[in-house]
Amino acid sequence: MAHTEVQDYLNKLVATEGLFYIRLHQFHWYVKGSHFFVLHEKFEELYDRTTEELDEVAERLLAIGGEPYATLEEFKEHSVLEERVEDKKLSEGEMVEALVKDYETIRTFVGEGIKLTDEKEDVVSNDLLIEMKGNIDKTLWMLKAYLGDSATR
Ligand SMILES: [Fe+2]
């Protein structure tokens, strides 16, 4: 059954995804350079997926009796990622590099959640997190492939 530790974990993930959603918009809006069209669209695809995951995690949390954070202040306070206003001035390559770092941070955090939900025998949350990890692995592979082939690096 539901466990406070799992609820707390999922809520931290809600905050992280909520902050990351806004951060991806920042990059979507401010990206400049010869790869604008590709990156502008890719960042949109990434924030679309992030908001779907945010919603799934929050609703899973509700289903197990938790109360998801639902304000920007709460997201900022509890996220494992940081908000950086100056990042709107990054070059297009630096934005992708920053996202690789963010996704690696999220992947580590999701990995911790996979272990925790396994220990607590919350198979539904476990399944949700495993699917998220698969998506993150794929995104990281693509972002790193992009950097390997980018003239901006
Ligand atoms: Fe847009």
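**Figure 1. Aspartate 137 and lysine 133 meet side chain to side chain in a salt bridge.** In this predicted model, the N-to-O distance of the pair is 3.2 Å. Both residues belong to helix H5, and being 4 residues apart there, they are separated by about one helical turn. Lysine 133 counts as partly exposed, at 27% relative accessibility. Aspartate 137 is partly exposed too, with a relative accessible area of 29%.

**Figure 2. Aspartate 137 also forms a salt bridge with arginine 107.** Here the closest N and O atoms are 3.0 Å apart. Which helices does this pair connect? Aspartate 137 sits in helix H5 (residues 123-148) and arginine 107 in helix H4, so the salt bridge ties together parts that are 30 residues apart in sequence. Arginine 107 has a relative accessibility of 28%, which counts as partly exposed. As you look at this view, remember that aspartate 137 is the residue that also meets lysine 133.

**Figure 3. Aspartate 87 and arginine 23 form a salt bridge between distant parts of the chain.** The N-to-O distance for these two side chains is 2.9 Å. Aspartate 87 is in the loop between helix H3 (72-78) and helix H4 (92-119), while arginine 23 is in helix H1 (residues 4-30). Along the sequence, the two partners are 64 residues apart. Are these partners buried or exposed? Aspartate 87 counts as buried, at 5% relative accessibility. Arginine 23 is buried as well, with a relative accessible area of 3%.

**Figure 4. Four charged residues are joined into one network of salt bridges.** Which residues take part? The members are Arg23, Arg84, Asp87 and Asp102, linked by salt bridges that share partners. Aspartate 102 is found in helix H4. With a relative accessible area of 5%, aspartate 102 is buried. Setting aside neighbours within four places in sequence, aspartate 102 is in contact with Phe20, Arg23, Leu81 and Arg84. Two of those names, Arg23 and Arg84, should look familiar, as they are also members of the network.

**Figure 5. Leucine 116 is a buried residue of helix H4.** Leucine 116 has a relative accessibility of 12%, and the cut-off for being buried is under 20%. What does leucine 116 touch, apart from its neighbours within four places in sequence? The contacts are Glu5, Val6 and Tyr9. For a sense of scale, try finding glutamate 104 as well: leucine 116 and glutamate 104 are 12 residues apart in sequence, and their C-alpha atoms are 19 Å apart in space.

**Figure 6. Glutamate 121 has a positive phi without being a glycine.** Its phi is about 55°. Why is that worth a close look? Most residues other than glycine have a negative phi. Glutamate 121 is found in the loop between H4 and H5. This residue is exposed, with a relative accessible area of 68%.

**Figure 7. Stepping back, the chain is built from 5 helices and 0 strands.** Reading along the sequence gives the pattern α-α-α-α-α. The radius of gyration is 16 Å, close to the 15 Å that the globule rule gives for 153 residues, so the chain is as compact as a globular protein of that length. Along its principal axes, the C-alpha trace spans about 50 × 30 × 20 Å. Buried residues make up 43% of the 153 residues. Among contacts between residues at least 6 apart in sequence, 81% join residues at least 24 apart.

**Figure 8. The charged side chains of the whole chain comprise 18 positive and 34 negative ones.** How far apart are the centres of the two sets? They lie 7 Å apart. A search of the whole structure finds 10 salt bridges, among them the pair of aspartate 87 and arginine 23. The chain exposes about 8,600 Å², and carbon and sulfur atoms supply 51% of that area.

Conventions. Residues are numbered from 1 along each chain as its sequence is written. This is a predicted model: local features need pLDDT of at least 70, side-chain atom pairs count only at pLDDT 80 or more; totals for chains, interfaces and linings use all residues. Side-chain values use heavy atoms; hydrogens and water are left out. Helices (H or I, at least four residues) and strands (E, at least two) are DSSP runs, numbered from the N terminus. The radius of gyration is taken over C-alpha atoms; the globule rule is 2.2 Å times the number of residues to the power 0.38. Buried means under 20% relative accessible area, exposed over 50%, partly exposed in between (1.4 Å probe, protein chains only). Contact means heavy atoms within 4.5 Å. Accessible areas come from the Shrake-Rupley method with a 1.4 Å probe; for residues, only the protein chains shown count as cover. Lys and Arg count as positive and Asp and Glu as negative; His and the chain ends are not counted. The place of a charge is taken as NZ of Lys, CZ of Arg, CG of Asp or CD of Glu.
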